[in-house]
Amino acid sequence: MRKIKKIASLTLTAALVMSTAGCGNKLENKVHSKEDLPGKVIGVQLDTTGDSYASDYENPEDEKTPASTVERFNKASDAIQALKQGIVDCVIIDEDPAKSYVAKNDDLTILKDPFEHEDYAIAISKDNSELKEKINNVLAELKDSGTLDSIISNYIGEDTEEKHSYTSPENTERPNGTLTMATNAYFAPYEYYQNSLIVGIDVDIAQAVCDELGYELQIEDMAFDSIIDAVQSGQADIGVAAMTVTEERLKEIDFTDPYTTATQVIIVRKD
């Protein structure tokens with residue numbers, strides 16, 4: 001059965017923040033491990049893998065297990081703010097963006113034990129097997145040459161917003177027109193805005209692919225839950241947005257070979 005999803009109300013958020021501030025109490029951390037999630041309020045970005053995992057806690061199979069409440073946000077940064085304000089008890093999110101958020105918020109921390117491991121790949125229409133094969137060949141070349149590792153490592157660590165590693169080779173020819181990439185540019189270090197430009201790991205990988213295949217890269221920023229529809233309808237050729245390969249998504253869309261393995265983690269307030 002399709003789960004009904006809701007996005008946290010800004011009005012409710014504001015009211016809760018005012019209530020919390022009025023109490024004058026320090027916000028307590030209620031989640032110290034994955035086992036503490038039942039019965040808690042979990043924050044996620046809408047339609048991400050974290051959302052999928054959190055959904056399992058809304059309707060537990062064991063009747064004795066308390067159901068969790070899942071608050072869904074259009075942007076991961078909104079979920080982080082809700083955590084800081086005490087509206088949610090934790091946030092389930094990818095590890096690399098988690099590190100970026102925690103580095104900027106000294107009142108937050110990542111739980112030591114990983115929540116789940118997953119593969120990221122490029123979403124592509126089931127009707128576009130020829131392009132999928134071409135991209136897979138390029139990804140294999142980028143892995144063998146060390147280019148993929150170089151791109152990813154450049155964005156991991158401190159001062160990621162000042163980095164932009166990949167540069168297209170000089171005199172690169174682009175006789176094959178434009179390749180449109182759908183993404184959600186609020187998920188550093190994979191895709192985010194820097195000086196009004198969308199940059200990040202996924203952007204550099206897509207650019208490297210376009211350079212090899214002779215395309216001009218065009219990026220369309222949209223809501224994360226619109227990316228698969230955009231690829232299916234032909235509005236975009238590919239979806240590149242730190243997207244995890246799941247059985248549910250494979251029913252609607254195809255994926256290239258994975259370009260990296262990531263980890264889902266849990267962010268909480270520091271004790």
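Is Arg174 buried, partly exposed or exposed, and at what relative accessibility? Arg174 counts as partly exposed, at 26% relative accessibility. The views below are close-ups of a predicted model.

**View 1. Arg174 and Glu216 form a salt bridge.**
The N to O distance is 3.7 Å. Glu216, like its partner, counts as partly exposed, with a relative accessibility of 44%. Arg174 sits in the loop between helix H6 (147-155) and strand S7 (178-183), and Glu216 in strand S11 (residues 216-221), so the pair ties together parts 42 residues apart in sequence.

**View 2. Arg72 pairs with Glu58 in a salt bridge.**
Their side chains meet at 2.9 Å, N to O. Arg72 belongs to strand S2 (residues 69-73) and Glu58 to helix H2 (residues 49-58), so the contact ties together parts that are 14 residues apart in sequence. Arg72 is buried, and its relative accessible area is 0%. Asp51 joins Glu58 and Arg72 in a network of salt bridges. The structure holds seven salt bridges.

**View 3. Lys84 and Asp107 meet in a salt bridge.**
The distance is 2.9 Å, N to O. This pair links distant parts of the chain, 23 residues apart: Lys84 is in helix H3, and Asp107 is in the loop between H4 and strand S4 (108-110). Lys84 is partly exposed at 24% relative accessibility. Asp107 is partly exposed at 29%.

**View 4. Asp96 is buried without a salt bridge.**
Asp96 lies in helix H4 (residues 95-104). The nearest side chain of opposite charge is that of Lys99, 4.5 Å away. A salt bridge needs nitrogen and carboxyl oxygen within 4 Å. Leaving aside residues up to four places away in sequence, Asp96 touches Ile156, Ala188, Pro189 and Tyr190.

**View 5. The largest cavity encloses about 80 Å³.**
It is one of two cavities of 30 Å³ or more in the structure. Its lining has 13 residues, with Thr48, Phe187, Phe224, Ala241 and Ala242 nearest the centre. By class, four lining residues are nonpolar, six polar and three charged.

**View 6. The second largest cavity has a volume of about 60 Å³.**
Its lining includes Gln45, Thr48, Phe187 and Gln264. Helix H3 (76-84) and strand S3 (90-94) each supply at least two lining residues. S3 gives the most, with four. The lining of the second largest cavity has six nonpolar, three polar and one charged residues. Thr48 and Phe187 appear here too, having been listed among the residues nearest the centre of the largest cavity.

How values were computed
Residues are numbered from 1 along each chain as its sequence is written. This is a predicted model: local features need pLDDT of at least 70, side-chain atom pairs count only at pLDDT 80 or more; totals for chains, interfaces and linings use all residues. Side-chain values use heavy atoms; hydrogens and water are left out. Buried means under 20% relative accessible area, exposed over 50%, partly exposed in between (1.4 Å probe, protein chains only). Lys and Arg count as positive and Asp and Glu as negative; His and the chain ends are not counted. Contact means heavy atoms within 4.5 Å. On a 1 Å grid over the protein atoms alone, a cavity is a set of points where a 1.4 Å probe fits but cannot get out, and a pocket is an open set with protein on both sides within 12 Å along at least five of seven lines; lining residues have an atom within 4 Å of a point. Grid points are joined across faces, edges and corners, and a volume is the space filled by probe spheres set on the points. Ala, Val, Leu, Ile, Met, Phe, Trp, Tyr, Cys and Pro count as nonpolar, Asp, Glu, Lys and Arg as charged, and the others, Gly among them, as polar.
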